[in-house]
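Subject: A structure for you to look at

Hello,

Here is the structure I promised to pass on to you. Please open it and keep it beside this email as you read.

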Amino acid sequence: MHPEKLFAMKFSSVYPLYVRKAEAKGRTKAELDQVIHWLTGYDQKTLQRQLDAGSSIEAFFDDAPAFNPSASLITGVVCGVRVEEVEHPLMRKIRYLDKLVDELAKGKAMEKILRK
């Protein structure tokens, strides 16, 4: 998929996939939301507003109230690509979220996922 197509996708179409992945591995939607809140600065109300508005992935990350500066501590491989080596800033943010969802689904402790 070309990055432009990914950036234009609605976050509300990707979010249920994240929920399904987390729940399939015994985690909860609330835990997923906590991870999203930590990374982006959205609270539950503003996250829901983004979902209801059908915001693109690009708008979702561009509008993030406070992207967590500790996100740079997220390292590892997602889809065969090292997250810390992704050059495009928006794609790196998307990969950060993908990596956090992977860690959640793999049963990693929330304190470690949130880099505490």
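Below is what I found, going from one helix to a pair of helices and then to two single residues. Please bear in mind that this is a predicted model.

Let's begin with helix 3, which covers residues 29-40. How far apart should the ends of helix 3 be, at 1.5 Å a residue? Its twelve residues should span 16 Å, and the end C-alpha atoms are indeed 16 Å apart, so the expected and the computed span agree. Now look at which side chains are tucked away: L32, D33, V35, I36, W38, L39 and T40 of helix 3 are buried. What do these buried residues pack against? Their partners are helix 2 (11-24), helix 4 (44-53), helix 5 (57-62), helix 6 (89-105) and helix 7 (110-113). Just after helix 3 comes G41, and its phi is positive, near 90°.

Two of those partners, helix 2 and helix 6, also meet each other. Their axes come within 9 Å and cross at roughly 25°. Angles under 35 degrees count as roughly parallel, and helix 2 and helix 6 are therefore roughly parallel to each other. On the helix 2 side, the residues involved are F11, Y18, K21 and A22, and on the helix 6 side they are L97, D98, V101, D102, L104 and A105. By type, this contact has seven nonpolar residues, three charged ones and no polar ones.

One of the residues there deserves a second look: D102, which sits in helix 6. Is D102 buried or exposed? Buried means under 20% relative accessible area, so D102, at 16% relative accessibility, counts as buried. Its side chain makes a polar contact with the side chain of K21, at 2.2 Å. If you leave aside the neighbours within four places in sequence, D102 is in contact with K21 and V78.

Last comes H88, in the loop between strand 2 (81-82) and helix 6. Partly exposed residues lie between the 20% limit for buried and the 50% limit for exposed, so H88, at 42% relative accessibility, counts as partly exposed. What does the side chain of H88 reach? It reaches the backbone nitrogen of L90, at 3.2 Å. For a sense of distance, try finding H88 and I113 together: they are 25 residues apart in sequence, and their C-alpha atoms are 23 Å apart in space.

Enjoy exploring it!

Best wishes

Key: Residues numbered from 1 in each chain as written. Predicted model: local features only at pLDDT ≥ 70, side-chain atom pairs only at ≥ 80, totals over all residues. Heavy atoms only, no water. Helix = DSSP H or I, 4+ residues; strand = E, 2+ residues; numbered from the N terminus. Expected span 1.5 Å × (residues − 1). Buried < 20%, exposed > 50% of the residue type's maximum accessible area, 1.4 Å probe, protein only. Contact = heavy atoms within 4.5 Å. Axes fitted to C-alpha atoms, helices over the stretch in contact; angles between N-to-C directions. Parallel < 35°, antiparallel > 145°, perpendicular 65-115°, else oblique. Nonpolar A, V, L, I, M, F, W, Y, C, P; charged D, E, K, R; others polar. Polar contact = N/O pair within 3.5 Å; in protein donor to acceptor, adjacent residues only side chain to side chain.
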